[in-house]
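Student: I should like to discuss the charged side-chain pairs here. Could we take them in turn?

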Amino acid sequence: TNRSMIKRTFQEKGIEYASSLSLLNVLDLQKVLEWNVEHGIKFFRLSSNIFPWASEYQIHDMPDYEAIYEACEKAGNYAREHGIRLTSHPGPFNKLTSPKESVILNTIRDLEIHGEIFDLMFLERSPFAKINIHVGAAYDDKSMALGNFCKNFQRLSEAVKTRLTVENDDKPSLYTTEELYDSIYKTIGIPVVFDYHHHDLHPGNQTEGEALDMALSTWPVGIRPVVHYSESRADEHNDPKIKPQAHSDSYVRPINTYGREMDIMLEAKHKELALFKMRELMEDNNVR
């Protein structure tokens, strides 16, 4: 679902080619969802590249828009009917913290594209259909950056604001779960997605269980919280030369859920194969 092209190709072939690729992507999304249902997978992260170079045009101007609209509506209805939760994770270049207006405008544009796609699929306007991002850089002034995030959040449409979530970071210069809770959740009320691997690398003053519970507490009543889980590729391959932030191919240990209710997004290079491995690990260790 992420057919795309280099910029030169887009410049040569334009919106017509982008439209044809987009239609193929949304048609294949339906096939992916059907495969997921067959294998009991009820949680899926949509590609951010369904509409290639979408920042360069309006989606409703695509020549195949009617067919794309129908395919998006069909996929959204199918997900709803089969209890599939659809979410997205826009890229790290999205920085509502930036002091540069050009960066903010580019971020708003990208987030609005995600909101529009979710609306095309008639996904609910709530964190159940989360659009998850990192707060972004700190610019050596966390207070300024966090203030910018909350201020620029107000510039987003309801299609984005109602779905937006933030997650903790994996670098000491960035944001812990506690910092997001104190400066983002308490200010604008959006949920925090707890990332296990990032917490391992940047725990702040909290244990894993404490940070997990704090993040879970930010989710609205009636909406199952989301967490992210990955393991370090350096540990997996026993190679200290690999950056510890790199995600592993698969998994070697079950997730400690602390008995909490949550939806777990697995982040691993082997994707569904890693998911099947995690199922085995959790079943073998009687983890629920």
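**Salt bridges in the predicted model**

Tutor: Let us begin with one pair in this predicted model. Asp 119 forms a salt bridge with Arg 125, their closest N and O atoms being 2.6 Å apart.

Student: Is Asp 119 buried, partly exposed or exposed?

Tutor: Buried means under 20% relative accessible area, and exposed means over 50%. The relative accessible area of Asp 119 is 25%. Asp 119 is therefore partly exposed.

Student: Which residue forms a salt bridge with Lys 31?

Tutor: Lys 31 lies in helix α1 (residues 7–38), and its partner lies three residues apart in that helix, about one turn. The closest N and O atoms of the pair are 3.2 Å apart. The partner is Asp 28.

Student: Is Asp 28 buried or exposed?

Tutor: Lys 31 has 54% relative accessibility and counts as exposed. For Asp 28 the value is 18%, and the cut-off for buried is under 20%. Asp 28 therefore counts as buried.

Student: How many residues apart in sequence are the parts that Arg 224 and Glu 261 tie together?

Tutor: Arg 224 forms a salt bridge with Glu 261, with the closest N and O atoms 3.0 Å apart. Arg 224 lies in the loop between α8 (208–216) and β6 (226–229), and Glu 261 in the loop between α9 (233–236) and β7 (263–266), so the parts tied together are 37 residues apart in sequence.

Student: Which residues are joined into one network by salt bridges that share partners?

Tutor: Arg 224 and Glu 261 both belong to this network. The full set is Arg 85, Arg 224, Glu 261 and Asp 263.

Conventions:
Residues are numbered from 1 along each chain as its sequence is written. This is a predicted model: local features need pLDDT of at least 70, side-chain atom pairs count only at pLDDT 80 or more; totals for chains, interfaces and linings use all residues. Side-chain values use heavy atoms; hydrogens and water are left out. A salt bridge is a side-chain nitrogen of Lys or Arg within 4 Å of a carboxyl oxygen of Asp or Glu. Helices (H or I, at least four residues) and strands (E, at least two) are DSSP runs, numbered from the N terminus. Buried means under 20% relative accessible area, exposed over 50%, partly exposed in between (1.4 Å probe, protein chains only).
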